[in-house]
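Welcome, and thanks for taking a look at this one. Below is a short tour, from model confidence through the fold to the core.

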Amino acid sequence: MVCDRDPATGAGRLRPLPELAGYAAAMAEGKLGDVVTRGILDAAESPRDYSDFDRLLGIG
């Protein structure tokens, strides 16, 4: 479980770790402690830009 704060409302929330955006990609970088310490899991929360991929598929 992860406890964090919703940036839009400021409300606290509890979420299962695998539900975080980018969890799988972050965990591929190493152990949980290392990933959190290096800020990779936090960075994984930011929205990703898929525009190049969409353009490749001809949908963007």
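## Confidence

pLDDT is the predictor's confidence in each residue, on a scale from 0 to 100. This model is predicted, and the mean pLDDT of the protein chain is 83, with 88% of residues at 70 or more. Broken down by element, strand E2 has the highest mean pLDDT, 90, while helix H3, spanning residues 40-44, has the lowest, 70.

## Overall layout

The protein chain holds 2 strands and 4 helices, arranged along the sequence as β-β-α-α-α-α.

Of the 60 residues in the protein chain, 13% are buried. Its accessible surface is about 4,600 Å², and carbon and sulfur atoms account for 57% of that. If you like contact statistics, take the contacts between residues at least 6 apart in sequence: 10% of them join residues at least 24 apart.

## The hairpin

How do E1 and E2 pair, and over how many bridges? Strand E1 (residues 2-5) runs antiparallel to strand E2 (residues 12-15), with 4 bridges between them. One bridge to look for links Cys-3 to Leu-14 in E2.

The two strands form a hairpin with 6 residues between them. In that turn sits Gly-10, whose phi is positive at about 80°.

## The nonpolar core

In soluble globular proteins, nonpolar side chains tend to be buried together. Here the largest nonpolar core has 6 residues: Val-2, Leu-17, Leu-20, Ala-26, Val-35 and Leu-41.

Leu-41 is a handy residue to select in your viewer. Leaving aside residues up to four places away in sequence, Leu-41 touches Leu-17, Leu-20, Tyr-23, Ala-26, Val-35 and Val-36.

Key. Residues are numbered from 1 along each chain as its sequence is written. Side-chain values use heavy atoms; hydrogens and water are left out. A nonpolar core is a set of buried Ala, Val, Leu, Ile, Met, Phe, Trp, Tyr and Cys residues joined through side-chain atoms within 4.5 Å. Buried means under 20% relative accessible area, exposed over 50%, partly exposed in between (1.4 Å probe, protein chains only). Contact means heavy atoms within 4.5 Å. Two strands pair if DSSP finds at least two bridges between them. Accessible areas come from the Shrake-Rupley method with a 1.4 Å probe; for residues, only the protein chains shown count as cover.
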